[in-house]
Amino acid sequence: MGRSEELFERAVKRIPGGVNSPVRAYGAIGMAPRFISRADGCHIYDVDGNSYVDYIDSWGPMILGHNHPEIREAVVKACADGLSFGCATEIEVEMAEFICEHLPHVEMVRMVNSGTEAVMSAIRAARGFTGRDKIIKFAGCYHGHSDALLVSAGSGVMTSGVPDSAGVPKGCTQDTMTAVYNDLDSVRALLEQAQGQVAAVIVEAVGANMGVVPPKKGFLEGLRSLCDQHGTLLIFDEVITGFRLAFGGAAEYFGVTPDMVTYGKIIGAGMPVGAYGGRREIMEMVSPAGPVYQAGTLSGNPIAMAAGLTQLKYLYEHQEVYKILEEKGQKLYGGMEEILKEARSEYHVNHVSSLGSLFFAKEEVVDYTSAKTSDTKAFADYFLAMLKQGIHLAPSQFEAMFLSTAHTDEVIEDTLSKVRNYFIK
Ligand SMILES: Cc1ncc(COP(=O)(O)O)c(C=O)c1O
């Protein structure tokens with residue numbers, strides 16, 4: 001038994017399922033998760049002394065790779081002044097100014113502590129602003145674990161929300177309507193059915209929680225115009241895409257302007273941070289400027305702000321990073337596509353810039369229903385084979401792969417040779 005197995009045995013006795021977030025468990029794989037001791041660049045090391053090429057990147061924020069020296073130094077420097085004050089600080093103002101000066105669709109922004117909190121608060125602000133209760137989300141899009149958003153779509157379009165989790169009262173999801181990703185007709189139908197009662201449509205501009213599912217041409221533009229027709233706000237959940245696809249996230253990448261955006265881990269460079277922002281008139285509804293209450297003792301924490309602002313400034317000043325990530329994405333995911341073709345495999349790869357997924361599905365994956373046709377047993381087999389060869393993937397078919405600037409061409413080529421070993425025996 002290795003150290004990871006030992007730690008997992010201890011963990012399950014004291015932590016539900018042995019992990020502090022379900023996605024970390026290797027439930028779909030049937031083994032103990034790797035317990036990680038440190039990470040640097042594109043490598044991650046477990047407590048058993050194994051090293052892996054990491055394609056999780058802390059689920060997105062490590063755009064520049066793990067343990068980036070400038071970010072680490074900013075954190076160490078900030079720590080010398082104290083860890084938390086629960087009072088206003090200069091760096092929060094700098095962070096808000098930096099974001100608003102460089103993102104035209106964000107006129108005001110509020111810091112919170114996680115993506116879940118960002119989305120939950122944005123929805124409350126949207127409801128307060130419009131005076132409407134209903135929201136539309138998409139099947140297969142994840143927006144954190146707040147009650148109203150734990151509806152995926154099992155029951156399909158045109159029905160009221162049915163909670164996905166025990167413990168969520170039906171009353172909390174009755175105003176959550178679920179549409180089909182990449183299907184504007186399903187959104188139109190819900191908006192018409194709700195007759196002027198929809199506060200907001202919230203969408204992951206690139207689906208990244210059912211595996212990577214790019215928006216079809218015209219989908220995001222269509223959402224923009226449907227929202228305009230119905231006086232409904234459009235919220236882009238940019239927890240995964242913000243500052244990753246482009247400095248201005250999916251809004252800039254696809255050229256579609258949302259009314260509000262939500263951010264998460266990336267904005268804190270991996271520290272526990274989230275944020276929501278958007279048009280001034282909406283954000284001025286938020287307490288204490290307006291009547292929509294939202295608060296947080298640790299919000300805008302100085303250490304998290306130091307880490308996040310250092311990464312954001314670096315990204316803004318080095319926008320060549322986005323071209324580099326696009327090229328690395330093409331090399332890795334394009335390479336995987338070639339291997340599948342050569343292997344005459346029916347499986348395929350979806351990708352947008354540095355985000356990608358190899359779907360063990362025989363049909364094209366464009367939404368939640370098609371994502372669910374994936375052969376999760378085949379994925380588990382592939383995952384294990386890759387792990388044994390030193391490649392650290394998310395232990396689920398329905399999570400994205402994340403590239404960073406620290407993944408060198410050599411590392412990507414080596415990964416491709418391992419994918420080749422698996423598919424072309
Ligand atoms: C698109 C999206 N929104 C919201 C969240 C929730 O963020 P957090 O886990 O920080 O609460 C996630 C988590 O990965 C996410 O991918």
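Contacts that span a long stretch of sequence dominate here: residues 24 or more positions apart account for 70% of the contacts in the protein with a separation of 6 or more. Please keep in mind that this is a predicted model. The protein has 14 helices and 14 strands, and its radius of gyration of 21 Å is close to the 22 Å that the globule rule gives for 425 residues, so the protein is as compact as a globular protein of that length. A ligand is part of the picture too, and the protein buries 82% of the 390 Å² that the ligand exposes when taken alone.

**Overall build**

- Along the principal axes, the C-alpha atoms fill a box of roughly 60 × 55 × 45 Å.
- Of the 425 residues in the protein, 55% are buried.
- The accessible surface comes to about 18000 Å², and carbon and sulfur atoms contribute 52% of that area.

**Around the ligand**

- The residues surrounding the ligand are S114, G115, T116, Y142, H143, G144, E204, N209, D237, V239, I240 and K265.
- Sorted by class, this shell holds three nonpolar, six polar and three charged residues.
- T116 places an N or O atom of its side chain 2.5 Å from an oxygen atom of the ligand.
- N209 also meets an oxygen atom of the ligand, with a side-chain N or O atom at 3.0 Å.
- D237 faces a nitrogen atom of the ligand instead, and a polar atom of the D237 side chain lies 2.6 Å from that nitrogen.

**R127 in helix 4**

- R127 sits in helix 4, which covers residues 115-130.
- With a relative accessible area of 24%, R127 counts as partly exposed, because that value falls between the 20% and 50% cut-offs.
- Leaving aside residues up to four places away in sequence, R127 touches R132, D133, I135, D175 and A199.
- T405 is 278 residues from R127 in sequence, and their C-alpha atoms are 39 Å apart in space.

**E413 in helix 14**

- You will find E413 in helix 14, made up of residues 409-423.
- E413 is partly exposed as well, with a relative accessible area of 43%.
- The side chain of E413 makes a polar contact with the side chain of K331 at 2.9 Å.
- Between the C-alpha atoms of E413 and V109 there are 40 Å, and the two residues are 304 apart along the chain.

**Backbone spots worth a look**

- S287 and P288 are joined by a cis peptide bond, with omega at about 5 degrees.
- P288 belongs to the loop between helix 9 (280-283) and helix 10 (302-317).
- F243 is a residue other than glycine with a positive phi, near 60 degrees.
- The loop that holds F243 runs between strand 8 (233-237) and helix 8 (249-254).
- F243 has a relative accessible area of 1%, so it is buried, as the value is under 20%.
- A269 is not a glycine either, yet its phi is positive at about 55 degrees.
- A269 lies in the loop between strand 9 (260-263) and strand 10 (274-278).
- With a relative accessible area of 9%, A269 is buried.

Methods
Residues are numbered from 1 along each chain as its sequence is written. This is a predicted model: local features need pLDDT of at least 70, side-chain atom pairs count only at pLDDT 80 or more; totals for chains, interfaces and linings use all residues. Side-chain values use heavy atoms; hydrogens and water are left out. A residue is near a molecule or strand if one of its heavy atoms lies within 4 Å of it. A polar contact is a pair of N or O atoms within 3.5 Å; within protein, one must be able to donate a hydrogen and the other to accept it, and residues adjacent in sequence count only if both atoms are side-chain atoms. Accessible areas come from the Shrake-Rupley method with a 1.4 Å probe; for residues, only the protein chains shown count as cover. Ala, Val, Leu, Ile, Met, Phe, Trp, Tyr, Cys and Pro count as nonpolar, Asp, Glu, Lys and Arg as charged, and the others, Gly among them, as polar. Helices (H or I, at least four residues) and strands (E, at least two) are DSSP runs, numbered from the N terminus. The radius of gyration is taken over C-alpha atoms; the globule rule is 2.2 Å times the number of residues to the power 0.38. Buried means under 20% relative accessible area, exposed over 50%, partly exposed in between (1.4 Å probe, protein chains only). Contact means heavy atoms within 4.5 Å.
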